[in-house]
Amino acid sequence: MDRRISRRDFLDGMAVAAGALVAGGALSGCAAGKYGGIHNEVVNPPDGWKYAGTGDPAYPPAMQGLRGSTNPAMQIPHKLRDGVFWSGDQKINASGEHYDLVVVGAGISGLSSAYFFHQQNPNAKILVLDNHDDFGGHARRNEFHPDGKLLIGYGGSQSIEDPTVWSPNAKKLLADLGIEVKKFDKYYDQDFNKRWKLNDSVFMTRDMFPNDYLAVMKDDTLTAESLKSSGMSPAAQAAYLQLQDKPGDYMPGLSDAEKKLKLVDLTYRNYLRDYAKMPEEVLNFMQTFTSDEWGFGIDAFGAIDSWASEYPGFEGLKLDNSKPYKYCGPTIQIQWDADDPYIYHFPDGNNGICKLIIGQLIPGTGAPRTMDEEPLAKIDYSKLDVAGNAVRLRLNSPCVRVQHEGGNIGSKTVNVDFYRNGKVYRCTAGNVVMACYNTMVPYLMQDLPQQQKEGLFYGTKLPIIYAMVQLRNWRAWEQLKIYHTRFTSGDWCVAELDYPVSMGGYEFSKDPDQPILVHMIRMATAPGYENPRGGIGPGRRELFARPFERYERTLRDQLARLLGAGGFDPAKDIQGITVNRWGHGYALEYGRPWATFWPDGPLPSVIGRQPYGRVTIANSDSQNRAYADAAIDAAWRAVQELEGKPSAEQQAVPVP
């Protein structure tokens, strides 16, 4: 039972501020600074503003060290946020370029926007801008080369999750790109863990329990045998096992409807404490239970969504689960009837989708044209932004301003200013899709209506770290008989072997003595807030203030403690580390009890995403869901709005 029911795709999403929407439909308390958005000065990171990791910048996927949202990528956006970028004498240099479409942001949503617009306008000239040194947004490829062998990992967006419930437009994009998800039935070794007798596990940490202890599960379930030597008190062990295996009716005398309404107003921790009467040891043991799936612990995750996710403690309530409850979160409702295995995974995660889009749009880059070519296809980054190509992708070029010509929203031309090599350049566009973090849009478009800015500011995301650790071998994992563990505390909440995918000439590790990648997750949202948004600002500031060496130190420490009994030695067994830092990572999806406006609205994401003249807004932020299909759906909607065809699902929200 101590398992994830589904796996978070981790793309962009929306976070919601504390409190509800005030009377009259306006948003209150949503100034960017209230939750850490504005600072008095730009703080120099300990690694320096030029630090972007180690390795050859001409081929970013193979770089290691501190990657993701690197310091160079964040310097200009932070200056815009802090209101200091335009304080100097910034000369605007005319680039002489005009495009039919400029897309701000080269993640899945931005690249999908370019694809959809090009599909509907085959002769269009399109420019995609991004502040990072690599494309894909959070869908990032990590490469390692131990002894000349290629190992491919992912630095963010993991998998094509539950494709059976994707929208028709998102499914069609996969089909257009030649992605046949059923092929993963063969490419993903679904018997890998069973063949090697590997199990799920929980690592009980010594700062919370008498000593470090690895509790290995049986059939992905904790047992009395696996807990008996853990140091947890016998009473707490019995209470947890009762909760897991045979929970009682902790709300006796209430009807189905009354129980569900009670759950709507509770966090999972409060339900376990106040209704299931779990002791403090059990609450501490379960604190990180929801962390890698949702980005924060059980002290902030809603009880109604915990019930819907089949987390421990609800079976005895005997609630009707024939359909999703009205107050369940958006993704839970969408995926309610989905039963897809979690196997639809390129070796580099959803960067595979991005590479295939580039293969359709930009010739001569080395991008793949088929899904089987994808793993071994090597992008020539010097060919992404070539004069004369219909579609150009310009990296290391943060957008700094978007404004209609003359400040007139009725103008047919939009000025797009971007920063490159120390100068600000201006190009013009007939249309613009803002596919960047939605919280950045108000800084780039100062003339947006205030209510729309407030809706966009609600999109603050959860800070998160995805690390890929290249090991000399995985013999210790085989000795301990584990493939995944959840840490009850510590910097990192998850360590797991990479997914066993072999395709297109790429081979996953076949033997415990071969090199392998280990995926580690750190949730940086500060704990202790029943409204999880409260922990975002403190967590993000700590994340950016931390040098790579500290990430490396805690990572080595936790792996050594986890795997030491299996003969693991971090000094000799760790051969490479890439830490993908995302200050704006997971979604904080709308959910009860803190998002009291869900689901009846008005929703901040809908208010924020309204078209503004020739500018529309994409990114999965605007769909308030943190999944690849949400990013694609947002792109489709934004392009349709440019074409004057709002999607049927677009809610009409007047913005003064």
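Which exposed residues does the face of α3 turned away from its buried side carry? The legends below, which describe close-up views of a predicted model, begin with that helix.

**View 1. Helix α3, residues 168-176, and its two faces.** The face of α3 that is turned away from its buried side carries Pro 168 and Ala 175, which are exposed. The buried residues of this helix are Ala 170, Leu 173 and Leu 174. Seen down the axis of α3, these buried residues fall within an arc of 100 degrees, and they therefore line one face of the helix. Among the elements that cover the buried residues of α3 are α2 (108-120), α14 (351-361) and α22 (628-642). Just after the helix, Gly 178 adopts a positive phi of about 80 degrees.

**View 2. Pro 527 in the loop between β17 and α18.** The loop that holds Pro 527 runs between strand β17, residues 516-523, and helix α18, residues 536-544. Pro 527 counts as exposed because its relative accessibility is 64%, where the cut-off for exposed is over 50%. Although Pro 527 and Pro 538 are 11 residues apart in sequence, their C-alpha atoms are 9.7 Å apart in space.

**View 3. The largest nonpolar core and the surroundings of Tyr 271.** This core has 162 residues, and those with the most contacts inside it are Phe 135, Tyr 271 and Met 434. Helix α22 gives the most to this core, contributing eight residues. When neighbours within four places in sequence are left aside, Tyr 271 is in contact with Tyr 250, Met 251, Leu 263, Leu 266, Ala 276, Ala 303, Gly 313, Phe 314 and Leu 317. A second core, separate from this one, has 38 residues, including Met 74, Ile 465, Ala 524 and Leu 563.

**View 4. The second largest pocket, with a volume of about 630 Å³.** This pocket is lined by 28 residues, of which His 132, Asp 133, Leu 395, Asn 396 and Arg 420 are the closest to its centre. The elements that give two or more residues to the lining are helix α1 (71-81) and the strands β9 (391-394) and β11 (414-420). Of the contributions to this lining, that of α1 is the most, with five residues. By residue type, the lining of the second largest pocket divides into 15 nonpolar, eight polar and five charged residues.

Note on methods: Residues numbered from 1 in each chain as written. Predicted model: local features only at pLDDT ≥ 70, side-chain atom pairs only at ≥ 80, totals over all residues. Heavy atoms only, no water. Buried < 20%, exposed > 50% of the residue type's maximum accessible area, 1.4 Å probe, protein only. Helix = DSSP H or I, 4+ residues; strand = E, 2+ residues; numbered from the N terminus. Arc of directions from axis to C-beta. Contact = heavy atoms within 4.5 Å. Core = buried A, V, L, I, M, F, W, Y, C linked by side-chain atoms within 4.5 Å. 1 Å grid on protein atoms, 1.4 Å probe; cavity = no way out; pocket = protein on both sides within 12 Å on 5 of 7 lines; lining within 4 Å. Points joined across faces, edges and corners; volume = space filled by probe spheres on them. Nonpolar A, V, L, I, M, F, W, Y, C, P; charged D, E, K, R; others polar.
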